[in-house]
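Please look over the ligand site and the backbone geometry of this model. A short report follows.

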Amino acid sequence: MKYTVLSLFPDIVDAFMQSSIMAKAIERGFVAYQAVNIRNFAFDKHKTCDDAPYGGGAGMLMLPEPLGCALESVGVRNRFETRRLSGKMGGTEAADSACPVDTRCPPKKKVIYLTPSGKSFTQALAKEFATEQEELVLLCGRYEGIDQRIIDAYVDEEVSVGDYVLSSGEVAALAVIDATYRLIERVISPLSLEEESFGNGLLEYPQWTRPEKYGTLTVPDILLSGHHENIRRFRLRKRVEKTLSFRPDLIRKGLEEHLFDAETCKIIDAIAETITDI
Ligand code: ADE
């Protein structure tokens, strides 16, 4: 997977991508990465990238021209233009006229704009990006957002990483990178992916490690028994209990979409009899 991140603060992204885990993924060839500083595409000597919104309102918006040029510089085309913008884009007339009419991204390259008003980024969406795309172009907003024409002309998906507002899109872009790269084939074993949270529509079971006694707290006896079938059942019950408690919406969705096997449904029924709120 190639990640191309367009940002006013590429240092934030660089620091993460150069950290040991990501550096290893890059070294092993699973991940490629490019950070592009949007400010390099500003037109004036002050490198201005923002202005007030038409119609009034709080805050500033990112200007369309630097964003459009940054996107074009990484091979993303404007769906409303059949020819490249010349002059400031550095394109020649001959190159401009050679540009094909259908200028959208090829199917395996997706432009994602990170915004709190986007669709929710879930494990399912992470899996979709990881398996169906070869390149994610992650556009990080700052200030109150970006000019709508950039979204209309270049963006394939608007994505939110949660119902809260971050000061910019970089941290959200890192969440998308982190959640997707580990789903790329061979990065993490399929078994650990199945058992972790959201695998099979349930949260992960709680876990314990050495020592057996931590102050007055002990490890559940069943985990020390060596009885694999009982341990498996214990863990499944814990997953159901935890999901019912923290994320009853996931249980409702799993039941509606028939995600759970008979054993899981039986545990849900048994616990549900003791509570009313699912
Ligand atoms: N930018 C600011 N807040 C965000 C959020 N919750 N998700 C994605 N991008 C954002």
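Is Lys 47 buried, partly exposed or exposed, and why? This is a predicted model. Lys 47 counts as partly exposed because its relative accessibility is 35%, and the partly exposed class lies between 20% and 50%.

## Positive phi values

Most residues other than glycine have a negative phi. Lys 47 is not a glycine, yet its phi is positive, at about 60 degrees. Lys 47 sits in the loop that runs between β2 (32-37) and β3 (50-51).

His 258 also is not a glycine and has a positive phi, about 55 degrees. Its place is the loop between α11 (248-256) and α12 (262-272). His 258 is exposed because its relative accessible area is 70%, and exposed means over 50%.

## A cis peptide bond

Most peptide bonds are trans. The bond joining Arg 210 and Pro 211 is cis, with omega at about 5 degrees. Pro 211 belongs to the loop between α8 (190-195) and β8 (213-214).

## Shell around the ligand

Which residues surround the ligand? The list begins with Leu 114, Thr 115 and Pro 116. It continues with Val 159, Ser 160, Val 161 and Gly 162. Tyr 164, Val 165, Leu 166, Ser 168 and Ala 172 complete it.

By class, eight of these residues are nonpolar and four are polar. The shell has no charged residues. β5 supplies the largest share of the shell, three residues.

## Polar contacts and cover

Which backbone atoms lie 3.0 Å from a ligand nitrogen? A backbone N or O atom of Val 161 does. For Thr 115, a polar backbone atom is 3.1 Å from a nitrogen atom of the ligand. For Tyr 164, a backbone N or O atom lies 2.8 Å from a ligand nitrogen.

The ligand on its own has 260 Å² of accessible area, and the protein covers 96% of that. Two elements give two or more residues to the shell: β5 (109-120) and β7 (157-160).

## In brief

The ligand has a shell with eight nonpolar and four polar residues. Backbone atoms of Thr 115, Val 161 and Tyr 164 each pair with a ligand nitrogen. Elsewhere, the backbone has a cis bond between Arg 210 and Pro 211. Positive phi values occur at Lys 47 and His 258.

Notes
Residues are numbered from 1 along each chain as its sequence is written. This is a predicted model: local features need pLDDT of at least 70, side-chain atom pairs count only at pLDDT 80 or more; totals for chains, interfaces and linings use all residues. Side-chain values use heavy atoms; hydrogens and water are left out. Helices (H or I, at least four residues) and strands (E, at least two) are DSSP runs, numbered from the N terminus. Buried means under 20% relative accessible area, exposed over 50%, partly exposed in between (1.4 Å probe, protein chains only). A residue is near a molecule or strand if one of its heavy atoms lies within 4 Å of it. A polar contact is a pair of N or O atoms within 3.5 Å; within protein, one must be able to donate a hydrogen and the other to accept it, and residues adjacent in sequence count only if both atoms are side-chain atoms. Accessible areas come from the Shrake-Rupley method with a 1.4 Å probe; for residues, only the protein chains shown count as cover. Ala, Val, Leu, Ile, Met, Phe, Trp, Tyr, Cys and Pro count as nonpolar, Asp, Glu, Lys and Arg as charged, and the others, Gly among them, as polar.
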